[in-house]
Amino acid sequence: MASSKGKPVNTPPADAKEVYDQAGKLFEENKFDEAIALYTQAIEKYPDYSSAYFNRALSYALQSEYEKATNDAMKVMELEPNAPDAPYVMGVISEYQQDMDGAKEWYEKSLKNNPEYAQAKDRLKMLKEKMKGAQPGLKAKGEEVTQTVVEEGQIKKVAWFTSDITFKDIVGMEKQKQLIHDNIILAITKPQLLQAYGKKLGLGVIFYGPPGNGKTLLVRAIAGETKAKFIVMHINEIVDMYAGNTEKNLHAVFEQARKNAPCIVFADEIDALGTKREGEQQGNMRMAVNQFLQELDGVEKNPEGIFIIGATNQPWDMDPALKRPGRFGESVYMPAPKYKDRREAFRYNTRKMPLSKFVSFGRLARATWGFSMADIFSICDKAALKVAAEEDRTGKKRPIGMKDLMAMVKEGGSSLDEWYAMVKKEVISKTETTIVEGKKQETIKEGRLTPEEKQRYKPMIKDIKKNLNPVNIFVKKVMRFWAVYLF
Ligand SMILES: Nc1ncnc2c1ncn2[C@@H]1O[C@H](COP(=O)(O)OP(=O)(O)OP(=O)(O)O)[C@@H](O)[C@H]1O
Ligand SMILES: [Mg+2]
C-alpha cells in the first residue's frame, strides 16, 4: 500500500478510513464491484486518498478494466510521485495488455523509487523470463545484431533471435508437437537422417487457430528446441510507402536466412500481409505479396534448411495468393484446449505459486470449458496478484486458494466466446440490414471463405460452428455454472 512505503502521507479522516477498511475486506472476499463502490466513497470523503486510488486501480485491473485502472494509478503517481506501488500496478496493467516492454519500464521505475519493493522485483524477474523467449543477441558474422536497423525505409540489418523456450513450456498440443518434431525439428537437428530418405529439408507451415492458444509460443519453442536462429518478419517494418523498398526489405530478410541456414523465418500475424484488408496501402501490399511469393518460390526450389512459418488467427484475411495450395506446405490447427490440457495448464501456471492443498485442478478445468490457454494464464496470474495485494495490506501470508482462482474465473470469463461471435460473419454468414425507401431490407452475405479454403481450414470452421451452436452454448454455460457454484 502506498502509505507503508516510507513516505509520510496525510492521514485520512476517520470516516474515510473506516469505509476504506470495509472495502479492503470486500476485496479479500473477491467482491470487487462492492469494493470499488466503497473505495469510491472513501475517495469522495477524502480526495487525496492515494491508498484508496491504488486499491481501486488493483480492483479494476483484476476486472480487466484497464483504462479505469490506469487513471487511478496515474492519480496515485500524482499524489505520491516517489512511491513504488503505482508504477508497479502500471506494470501489471501493461502486462495484461500484452505490452511487455512497457511493463518492464514500469517495474524498473517502481524499483528505482524503492529498490526493495519485493512485488515489483518478483514480477520483473518473471517478465524477463517470459521475454527471454525472443531475446535478440545472436552473433551474425561476428557482429552483434540486436535490433533490426531500418534507414529511410530500408532494412540495413536483420535482427536474429534465439529462444530458450522449449516444448516443455507448452502445455498439451501433443499432436502438433509430434508433427513439428517430425517435419521441422528433425530436419534441422538431424538433416542426414531425412536426406537418407530423400526428404526435402525446408518447409512452409501455417499455424492457425483462435487467439491465445500458443501459435507464437510454439514457434519460439521450435527455435529453442533446435537452437536454430530465427528472424521475426514484422510486416509493418517490411512494407514501406516508397515503391521498391518493400521488395528490397523482403529480399534482405530472405538473403539473411539463406546465409544462415538452417534457420526459421517467422511471419507472425501473416494476415497483415496482403490486400484483403480494407484501407491498407493497396499498391505496396500487392508488391509485398508478390515479392514474398517470389522468395517462397526461391526457397521451394532450393529449400535447404529454410523454414518459413506463418501464424494467424484469421486465415480468411490472408491474401488469396498466399493461401494457394502448395505455398505453405502444411496448415496446422491450434485449437483451444480440451479438459485435460486445461487441467494441465492450471497445474503448469501455478507451479511456482504457494497453493492451498484444496485446489482442484479438475474443477478449475471444468469451470473453464471453452477458455483459451491465455485466459487460464491470466486467471492464475490475477489470483496471485490478488493474494499478494492482500498480504501487502494485512501483513498476513496465506496460500492461494480455490476461492481466489474461481473468483478470477468468474471475473475474466472466456475471451473466446466473444471471439467466436466476432468471426461468425467471416466464416459463416452475416445478415445485413439496410433501409431502402424507408423500408427495412435484410440481405444475407455469405462468409468470406472459398470452398477450397473451407476444406483447408475445416477443423477451425467446425470448431467455430460448434461454439456458436445454441445447444452447445447452453451446455457449456451449465457445465461452467455447475463447476463454479455447485461442485
Ligand atoms: N499451449 C500453451 N501452453 C502454455 N501456455 C500457453 C499455451 N498457449 C498459450 N499460452 C499462454 O498464452 C499466451 C499467449 O499465447 P500465444 O501468444 O502463443 O498465442 P497465439 O496463439 O499466438 O495468439 P494470437 O492469435 O493472439 O497471436 C502465452 O504467452 C502463454 O502465456
Ligand atoms: Mg500470436
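**A hairpin, a core and a ligand shell**

In this predicted model, β4 and β5 form a hairpin with two residues between them, and Glu152 in the turn has a positive phi of about 45°. Strand β4 covers residues 149-151 and strand β5 residues 154-157, and the two pair in the antiparallel sense over three bridges; pairing requires that DSSP finds at least two bridges between the strands. Across the hairpin, Glu151 stands opposite Gln154 in β5.

Local features need pLDDT of at least 70 and side-chain atom pairs count only at pLDDT 80 or more, while totals for chains, interfaces and linings use all residues. Residues are numbered from 1 along each chain as its sequence is written, and chains are lettered from A and ligands numbered from 1 in the order in which they are written.

Turning to the whole protein, there are 22 helices and 13 strands, taken as DSSP runs (helices H or I, at least four residues; strands E, at least two) and numbered from the N terminus. Of the 487 residues, 41% are buried, meaning that 20 or more other C-beta atoms, placed from the backbone, lie within 10 Å of a residue's own. Ile264 touches Ile222, Ala223, Ala228, Phe230, Phe307 and Ile309, leaving aside residues up to four places away in sequence; contact here means C-beta atoms, placed from the backbone, within 7 Å.

What surrounds ligand 1? Of the 16 residues around the ligand (C-beta atom, placed from the backbone, within 6 Å), Pro211, Gly214, Lys215, Thr216 and Met373 come nearest. Helices α10 (215-226) and α17 (373-394) each supply at least two residues of this shell.

Key: A residue is buried if 20 or more other C-beta atoms lie within 10 Å of its own, exposed if 12 or fewer, and partly exposed in between; C-beta atoms are placed from the backbone. Two residues are in contact if their C-beta atoms, placed from the backbone, lie within 7 Å.
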